[in-house]
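Hi,

Here is the structure I promised to pass on. My notes on it follow below; shout if anything looks odd.

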Amino acid sequence: MSWDTIARLRALVADETGTLRREAPFRVALIYPSPYHVAMSSLGYQAMYRELNATDGVACDRAMLPEDDGPLLTLERERPVGEYPLLAFSVAYELELPGVLTCLQRAGVPLLREERGEGAPLVVAGGPLTFSNPVPLAPFCDAIVMGEGEELGPEVVRRAQAAGGKDALLGDLAALPGVYVPAIHGDAPPPIAQVADDRLPAGSQVLTPHTELASMFLVEAARGCSRGCTYCVMRRSTNHGMRAAPPERILGAIPAAARRVGLVGAAVTDHPRIAEIVRAIVDGGREIGISSLRADRLTDELVGLLRRGGYRTLTVASDGASERVRALIERKTYERHLLRAAELAKRHGLGVLKIYMMVGVPGEEDADIDELIRFTAALADIHGRVALGVAPFVAKRQTPLDGTPFAGIPVVEARLERLRRGLAGRAELRPTSARWAWVEYMLAQGDARAGLAALDAWRAGGSFAAWKRAFSARGATPTGPRARVPTTAELLTIKRRSVSGAPHRGADAPVTS
C-alpha cells in the first residue's frame, strides 16, 4: 500500500464538506473513471453517493481514476477497491472506457466479466452513457443500470445483498425494467429508466475546492429537454421531455453556507421561471453558474443577473455552422439570437462571447463553413472578443441521426483548417481532436466488439494508432441503421418525423401518419 496515495486521499477529504462516513454490513465502492476533480463535478455521481448511503444496510465509499501509480483505494476507508463485494461505475461518455479498465486493473479485478469467478466483486455501471449506447461496456460489466439511477441503483444493491449466488442474482436483475444484464440480454439493452418527479431536484452532497467547479453547490433546475434537436441524446423523445423543478424546491435545496451555486440541466434556461430563480440566488449574495445557456432564451435582465453573479464569459451553443444546417438538425437557434447574445454580452461587460459549434454535421458543405466565418466576423464586430469551441459531430444512439457515418478525419481537419484561416485575427478557435472524435464515434456506434477493441488499444498503450489497429483486428464496425451519409431529402424526412413525434426507424423508413 502506498503511503503517498493515502496522504493524497486524506488531503482531498480534509478539504471536503459533506463527506459521508457510514458503517453498514454491505459496502459498495462507487467509482468514477476520471480523476477526482472531474468526478466531484458530476452531479449524478454525487447523487448516487447520497442515495446509496441512504439505503438500509449499505455503506457507499468513493474511488476515482488514480492520478499516480498506486492502488485504487476508497476515500472514506482507504481500503483497496477489490475488497468490496460490489463495484459501481458512473460513466459519462465513451472515452472514459479506458478509465474503467484502469480502475479494474488497479483494483485487482479481472477485466472481463467472463473471467470473474463466484467470489469476484459484482461490477455494475450506470451514468449518462447509458442514455445512448452502453453495449461496449458489456464485456466488462455484470449489470448496467439504464438511464436515471436514483431508484434502480439502490434496488440493484439491495438485491445483491440478499443474493444466494451470482447466476441467480443476474437472472433476478435481468427481470428488473431498466437493468441491462449482458450475459442475458446480449447486445440488446432494455429501455432507459425514469425516476418519479418528486425525486427532483438532485443536489450536491460534497463541496470541495478541488474540482472544475471549485466549491460550487450544484442543483438541478430541470431534468431532460423538451426540444427536438436530431443529434442530441437528451432530446424530448429520449427523456420524455423537460421536467422542471419548482423554484421553491430548487432554492430550498441550497445550503445556507453555499456561496457559489450551479444550476444544472440540459436546458436550464428553458425553465419557465429561470429569471426568478437566478434573481433569488444573486440577491442572496451568491455567485451563479448555469450549465446550459440557450441563445434564444437570453434577456437583458437574465444576462445582467449573470454578470452580477460573477459571470465573465457568456457561453451559448449554435451547433450548426449555418442557418441551413441548423434547420436540417432541428436546432432552433437563429442568427438573430446569436447577434442578440453578442449585444447583451457587450452591454453587460462580459469579456468573452463563447459559442459551441459542431463541424462534420450531416448535410454540411464548405459553403456552410464560409457562412460561419462571415457570421463570426459580424459577431466580433459587435462584441470584440469571440471564441468558437468546435467539436466534430459524433452520431449517438437513441437519436434520429443514429448510424450517420463520421464525416471523416480528413474532412473534419480540412474544415477546421478552413475555419482557422478564415477567422485569423477575428476570433479564437478552440477545436477538439478529429482523431479522438472518430474513436468516440466508433465506440458510440459499436457493439461488444468495440469494447473488446478498447481493451486491446488500452493494453497497447492507448495511442490513436493502437485504437485504429484494435478496431480493425476485432472487426468492430458501426452497427447503427445507416451506412452512408443521408441526403438532404432524407435529413428533411428525419426532421419531419422528429417534429411529428413518430418513432424513428432510419433514414430509409417511409414517413407514416
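Let's start with one sheet: S7, S10 and S11 make an open, three-stranded sheet in the order S7-S10-S11, with parallel pairing. Its edge strands, each pairing on one side only, are S7 (217–220) and S11 (287–290). From one strand to the next the twist averages 25 degrees, with axes being lines fitted to C-alpha atoms and angles running from 0 to 180 degrees between N-to-C directions. S10 (residues 260–264) pairs with S11 in the parallel sense over four bridges, and glycine 262 sits opposite glycine 289 in S11. Pairing here requires at least two DSSP bridges between the strands.

Some bookkeeping: this is a predicted model, where local features need pLDDT of at least 70 and side-chain atom pairs count only at pLDDT 80 or more, while totals for chains, interfaces and linings use all residues. Residues are numbered from 1 along each chain as its sequence is written, and side-chain values use heavy atoms, with hydrogens and water left out.

As for the whole protein chain, it has 19 helices and 15 strands (DSSP runs numbered from the N terminus: H or I of at least four residues, E of at least two). The radius of gyration is 23 Å, which agrees with the value near 24 Å for a compact globule of 513 residues (taken over C-alpha atoms; the rule is 2.2 Å times the number of residues to the power 0.38). The C-alpha atoms fill a box of roughly 65 × 55 × 50 Å along the principal axes. Of the 513 residues, 58% count as buried, meaning under 20% relative accessible area with a 1.4 Å probe, protein chains only.

Cheers

Methods: Buried < 20%, exposed > 50% of the residue type's maximum accessible area, 1.4 Å probe, protein only.
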